[in-house]
Amino acid sequence: MAENENNTVLEYSKARIYQRVFSFFIDLFLAVLLGMIINSLCGLVTSVVPKYQEVLQERIELQDQSGLFDENQKLWTLSLEGSDMTIQEKKELLSTRLDEFYHNDVFFEDDTFYQSYQKRKSEAVNEKGELLFQLISGSYVEKDFSDDVYYSFYQKEFENYASAALSHNVRFADLSNLIVRISVIEIVLSMSVGFALSFVIMPLILKRGRKTIGMYLFKISLVGGDALNVRGKTLVFRNALLLLIGYWLTIFTFGIPWLVSLTMMTFSKTGQDFFDYMSGTYVVSTKDKDIYLDYAEYLARTEESKKASIENRDFEMTR
């Protein structure tokens, strides 16, 4: 219920919580789906940008120099999983690649990382606690245990230590960070655009009641404090808060803003959540009623209703 400047009272019942929750998740699903589609398109566009291609190519060249990746730029441990090579061949390949990598002066200025690798060899044991390597001529070499045991050791060395040591090359680290930053920016922008399409553009299209697809399906609408249609500026302000706090902050705080908003919605007499409270809006049920765009439309419809009532003799005389 709300009262406009001419003291005409308009009444609406507040939307039920289940209507709001389910409509929100429908709209959120659409927003994420649209964001994923847009992100894929952004990736296609970015991939053909010359500067980005140069960054990727330089990073690929460094990966090739490391020897930790195959010709498809796939880490050898992953590449060998579907290989027809024997366990012995796989084990020997990983061992050779690791020795070459830790001696690679492109990534290491001294033998610090190689010595750390040798130390891990000296401490490696099997299930019975037996040492896997023995020291011969200053280097740790394999004993006579099964190839599976050594293959497992080299796999872990690749994935837990060698791949991480790539960042010791400053240029490789900078290129990797740049690629990650570009990907993060693409995701944030894409998901934000998807959100805007679902929560802002759609209510601008379904102007009466400022409905999203979910709100349309559950027959609920958004009204201002005067019980009339929400103005565009107010809608943008409300949904900007919803994007920044209800969307992104919720993700990074494990849902805390959303839980606070749901609590306010549950215990508030008017059914306002945090975003309604801040923007002075209300979510109401419009199953049996419509939303007036402005007060002039309300007066016009009221007048038309009176005329129709008189023409249909829908009145009675009183003394």
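In this description, a nonpolar patch is a group of residues with over 30% relative accessible area and no salt bridge, whose nonpolar side chains are joined within 5 Å. The model examined here is predicted. On its surface, one such patch is built from Phe29, Leu33, Leu34, Ile37, Leu41, Leu44, Val193, Leu197, Ile201, Leu204 and Ile205. Together these residues offer about 980 Å² of accessible area. Two helices, α1 (17–47) and α7 (170–205), each contribute at least two residues to the patch. The largest share comes from α1, which supplies six residues; Leu41 is found in this helix.

Helix α1 also takes part in the lining of an enclosed space. The search for cavities of 30 Å³ or more returns one, and the largest cavity holds about 340 Å³ of space. It is lined by 23 residues, of which Arg20, Phe24, Arg238, Leu242 and Asp273 are the closest to its centre. Sorted by class, the lining comprises 14 nonpolar, four polar and five charged residues. At least two lining residues come from each of α1, α7, β5 (220–223), α9 (232–252) and α10 (256–267). Among the contributors, α1 gives the most, with five residues. Helices α1 and α7 therefore appear both in the surface patch and in the cavity lining, given that helices are taken as DSSP runs of at least four residues.

Arg20, already met among the residues closest to the cavity centre, has a charged partner as well. Side chains of opposite charge can pair when their charged atoms come close. Across the whole structure there are ten salt bridges, and one of them joins the side chains of Arg20 and Asp276, with an N to O distance of 2.7 Å. Because Arg20 lies in helix α1 and Asp276 in helix α11 (residues 274–279), this pair ties together parts that are 256 residues apart in sequence.

Turning to the strands, β3 (residues 133–136) and β4 (residues 139–142) run antiparallel and are joined by four bridges. Phe133 stands opposite Glu142 in β4, while Gln134 faces Val141 across the pairing. In a regular strand the side chains alternate between the two faces of the sheet. The two strands β3 and β4 form a hairpin with two residues between them. One residue in the turn, Ser137, has a positive phi of about 55°.

Technical notes. Residues are numbered from 1 along each chain as its sequence is written. This is a predicted model: local features need pLDDT of at least 70, side-chain atom pairs count only at pLDDT 80 or more; totals for chains, interfaces and linings use all residues. Side-chain values use heavy atoms; hydrogens and water are left out. Patches are made of residues with over 30% relative accessible area and no salt bridge: like charges are joined within 9 Å, nonpolar side chains (Val, Leu, Ile, Met, Phe, Trp, Tyr) within 5 Å. Accessible areas come from the Shrake-Rupley method with a 1.4 Å probe; for residues, only the protein chains shown count as cover. A salt bridge is a side-chain nitrogen of Lys or Arg within 4 Å of a carboxyl oxygen of Asp or Glu. Two strands pair if DSSP finds at least two bridges between them. On a 1 Å grid over the protein atoms alone, a cavity is a set of points where a 1.4 Å probe fits but cannot get out, and a pocket is an open set with protein on both sides within 12 Å along at least five of seven lines; lining residues have an atom within 4 Å of a point. Grid points are joined across faces, edges and corners, and a volume is the space filled by probe spheres set on the points. Ala, Val, Leu, Ile, Met, Phe, Trp, Tyr, Cys and Pro count as nonpolar, Asp, Glu, Lys and Arg as charged, and the others, Gly among them, as polar.
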